[in-house]
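Trainee: I'm new to this one, so can I quiz you on the labels people put on it?
Mentor: Sure, let's have it in front of us and go label by label.

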Amino acid sequence: MRWVDFKDSVKRFWSDYKHQKSGMLGIISLLFLIVIALAAPIITNPNVPQEWQPGGTAWLVNPKNAPPVWENYFTHESMASAVQFKPGQYHVVKSSKDGYNVYTITVDYNMNYQLPPVDIVLLNLKSNASLPKDNPVVKVQIIRPPEKGVKNNTLLLIDGVQFPSGSQIQIAGLQNTLNYLLYWLYENGVLKLNMPPQMVNPNSMQFLIMTNPQASKLVAALSADRRMQIVFGRITDNAGNPRSFNDVVNNPEPLKGNYKVRITITAPKEVNVDFSDFKIAIVGRAYGLLGTDQYGRPIALGLLWGTRVALAIGLAVSIASVLIGIFIGVASAYLGGWADEAIQRFTEFMMTLPVLPMLILLSLYLGGRIDLTQLVIILVIFGWMGTTKVARSMALQIKEQTYIEAARALGASTGRVIFKHIVPQLLPYAFASIALSVPGAILSEAGLSFLGLTSQNMITWGQMLNAANQNGATMNGYWWQIIPPGLAIAFVGLVFVLIGVSLDTVLNPRLKRS
Amino acid sequence: MGMSFGRYVVYRTVNAIIILFLAVLLMSALFTKLADEQLTGQVQDQIQAFAQSYAKTHHQEPTKELLEKQRAIYMHDYGLDKPYWRRAWDYTVNTFTFRWGKSIPRVFGTRDVREQIWTALLRTILLFTTAEILVILIGIALGVKSAQQPGSILDRTISILAMLTTSLPMWWLGMLMILFFVVYLGWLPITLYSQVFTANTKQLLEKMSLPVLTIVINLFGGWAWTTRNIMIGTMQEDFIMVARAKGVPERKVIYGHALKAAAPPIITMVIFGLIGSLSGAIITEIVFNWPGMGRLYWQALQADAVKTMMALNYMFAILTVFSMVLADILYAYLDPRVRIGAAARS
């Protein structure tokens, strides 16, 4: 084929294809997907695949199983969204006292939700302390909005907690926090103890609670999340009288308004404290565009990165299996005789193997979890037969045409006849069937990943659904963990079906009639 | 080069059995490696148990030679002293002749693999065959209807639905169904799908309802679309023109002439669908906790029940091979031209 002819036929094809509305929709969507796949490391960050492994610390500051932020528009119970204060978003005030440097940071948080945040996390403070006793120590206070009947608006959450370099402090879960919180409730008359006041202090709270069976039961039920509901909740009624301890614990009511979180870090003068990466995360209940999974990983991020694997697997598998299928089919038709017979029997043999069970078996054989390359190879091994059957029957017709005879009479080699004369005629069919076989490959990957048989070193939509299933997402109603990955699979599938059907209509004229 | 129908049937069946045997051979070769790992572990455990009981009764540790002798006995018991290919061959023959033996872990309440599969198969038939019949009825009815008016709203809706649903994983649709009908609407109790077993027939039917709905939604579009394409092809044939020209009423043209002519491929599809439905959809059964073949496969996978998995693979292979053969034979019966072609080719 000459270059001019090729250009001409491409032009003709394109002018036909342009009129296929669904085909154009498919092409535009495919371009969109490719852009997303290529841009994923740029718009997010290239470390995401490493950080994605369950058990990593990258998502510590994210709420677990949090719905998307916009769900608030549809529910009565508005949920606090996540806020992070990064360097530059807060101001560090430095002072010194008795051989120590004292750094104070105060940030504002407007708590305007029915359900308050679940935790406050401090992370990435760096220091060069060589001995544990030189580590900076942290104190966190919350200055609550004024509430009628409450004497002390300032609530101490932690005090004197060591902050080793590079570690995190998750405040809500600490015993220290619970003690201070209970003491504050006692001070304000919510928690009643039959003790002389001089005996009650934050450090003795645990012991004192044990002497009161009812209170100790309530305290045992105070999960980290519940504690924060008290921190951000009302402790007096409308008249300004303290609510009962039982009510405060079991029927938390939010106290909306402006809160100040004050963090005081004290370190010996000779220790260098570095705030360049220090973050204060107020962990909300809702997260981002599509919420999070049970490890706190953002669903939207997974969706974005999953595009890469989906496109890679879909295209690699379908291109390879269609090309192999065509080659084997043409060879079978052209060679004829016993070679044809052997190839056909083998094709039928491969067709009769049940695909998913065979995939499961092979993944077990390969040691439990199969990686991307193995997956592509296996899917190709089980994917070429359909094409071979069709290619063979098409090649049988082409073979009989006079120009092939002519070429052979002129001394063309077998290879030349196959590649120069027969295969090009099958290309239109190949393009359409490549596009049409992409969804199958993606569905197979999703199925295997759902069964937990693929390597976890990649982010795929099937694995996201696997995580959702392990998390009981359906039964818990975590729709954001189920719907988006499935829709993404369906969308990619649909894009290729649209393209495939349109290619078929344009390239295979015999289908044009309807 | 024609072949009588009887000979064709025999020919295809023998062919299928050979293919099936080769498939089992391949699977056995793969599975023998897995079974080996498991059995070697088993031998190790038994040797340890032996050493402990020996120490108790004889008040001294067994000698190395004694342990090796004992190991050889165990190895022989499990056939591990035979070469790999010999074991793979034995495994092939045993599997092929339905001598499936006992699985090491208990699955579905029993170690007998035949019993496990029989229980599962019946439940899968109940669910998937019911659904498949519904799919076929709805699919063919809609396909014929839309072939009558190509380009109509119904026709276009079906084409779009077919494209959409073929790109959807059935099991994902299942998850959505549970989310919507069970969790949000609360029409069915959550325990129905969070556990495997059901108490009575009423509950069983309730439990079936969602998976059946899922399968129907997932598959009817494709069926309707294929039927439509076959019908449109037939409607352009000359004999339909003639019938119309003769003044045969349109209804009769469609249901009498066209549908009859389109029957062979449609019946082939029905066979494929019905038998294919027996292998169930492994993941869909897992999603709905339906204790059929798929769920059994899953449990076997989790429990490392190698023999159960092998038997299931064999069952799936049988179903696939024989639906193909049955479809071929039926096709040959309905359309004798096929036999001549097939004979010439094969």
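**Labels and the reasons behind them**

Mentor: Let's start with a pair in chain B: B:Asp90 and B:Lys82 form a salt bridge, with their closest N and O atoms 3.3 Å apart. Keep in mind that this is a predicted model.

Trainee: What makes B:Asp90 and B:Lys82 a salt bridge?

Mentor: The rule asks for a side-chain nitrogen of Lys or Arg within 4 Å of a carboxyl oxygen of Asp or Glu. Here the N and O atoms are 3.3 Å apart, so the pair passes the cut-off of 4 Å. Side chains of opposite charge can pair when their charged atoms come close.

Trainee: Is B:Lys82 buried, exposed or partly exposed?

Mentor: Partly exposed, with a relative accessible area of 34%. Buried needs under 20% and exposed needs over 50%, so a value in between gets the middle label.

Trainee: Which helices do B:Arg12 and B:Asp328 lie in?

Mentor: That pair also meets in a salt bridge, at 2.7 Å from N to O. B:Arg12 lies in helix 1 (residues 5-58) of chain B and B:Asp328 in helix 14 (residues 306-334) of chain B, so the bridge ties together parts that are 316 residues apart in sequence.

Trainee: How do you know whether B:Arg12 is buried or exposed?

Mentor: Its relative accessible area is 12%, and the limit for buried is under 20%, so B:Arg12 counts as buried. Its partner B:Asp328 has 29% relative accessibility, so the label there is partly exposed.

Trainee: What is the N to O distance for B:Asp155 and B:Arg228?

Mentor: It's 2.5 Å, and their side chains meet in a salt bridge. This pair links distant parts of the chain, with B:Asp155 in helix 5 (residues 153-166) of chain B and B:Arg228 in helix 8 (residues 201-235) of chain B, 73 residues apart. B:Asp155 is at 2% relative accessibility and counts as buried. B:Arg228, at 10%, counts as buried too.

Trainee: How many salt bridges does a search of the whole structure find?

Mentor: It finds 20 over all chains. Some are joined up: A:Glu341, A:Arg345, A:Glu348 and A:Lys389 are linked in a network of salt bridges.

Trainee: And how many salt bridges does the rule find across the interface of chain A and chain B?

Mentor: The count there is 0. The two chains still bury about 4,100 Å² between them, 79% of it on carbon and sulfur atoms. On the chain A side, A:Leu361, A:Tyr365 and A:Met475 lose the most area to chain B, together 17% of what that side buries. The contact takes 44 residues from chain A and 48 residues from chain B.

Trainee: Why is helix 10 of chain B called roughly perpendicular to helix 11 of chain B?

Mentor: The axes of helix 10 (residues 250-261) and helix 11 (residues 263-278) of chain B come within 5 Å and cross at roughly 65°. Angles of 65 to 115 degrees count as roughly perpendicular, so helix 10 of chain B gets that label against helix 11 of chain B. Where they meet, B:Leu259, B:Lys260 and B:Ala261 of helix 10 touch B:Ala263, B:Pro264 and B:Ile266 of helix 11. Those contact residues divide into 5 nonpolar, no polar and 1 charged.

Trainee: Over in chain A, what makes A:Ser318 buried?

Mentor: Its relative accessible area is 0%, and buried means under 20%, so the label fits A:Ser318. A:Ser318 sits in helix 9 (residues 299-335) of chain A. Leaving out residues up to four places away in sequence, it touches A:Ile313, A:Ile434, A:Ser437 and A:Val438.

Trainee: How do you know that A:Val495 is buried?

Mentor: At 2% relative accessibility, A:Val495 is under the 20% limit, so it counts as buried. A:Val495 belongs to helix 18 (residues 479-507) of chain A. A:Val495 and A:Ser29 are 466 residues apart in sequence, yet 6.5 Å apart in space, C-alpha to C-alpha.

Trainee: And what makes A:Thr57 exposed?

Mentor: A relative accessible area of 54%. Exposed means over 50%, so A:Thr57 earns the label. A:Thr57 is found in the loop between helix 3 (48-51) and strand 1 (83-85) of chain A.

Key: Residues are numbered from 1 along each chain as its sequence is written. Chains are lettered from A and ligands numbered from 1 in the order in which they are written. This is a predicted model: local features need pLDDT of at least 70, side-chain atom pairs count only at pLDDT 80 or more; totals for chains, interfaces and linings use all residues. Side-chain values use heavy atoms; hydrogens and water are left out. Axes are lines fitted to C-alpha atoms, for helices over the stretch in contact, and angles run from 0 to 180 degrees between N-to-C directions. Helices (H or I, at least four residues) and strands (E, at least two) are DSSP runs, numbered from the N terminus. Angles under 35 degrees count as roughly parallel, over 145 as roughly antiparallel, 65 to 115 as roughly perpendicular and the rest as oblique. Contact means heavy atoms within 4.5 Å. Ala, Val, Leu, Ile, Met, Phe, Trp, Tyr, Cys and Pro count as nonpolar, Asp, Glu, Lys and Arg as charged, and the others, Gly among them, as polar. Buried means under 20% relative accessible area, exposed over 50%, partly exposed in between (1.4 Å probe, protein chains only). Buried area is the accessible area (1.4 Å probe) that two parts lose on being put together, summed over both.
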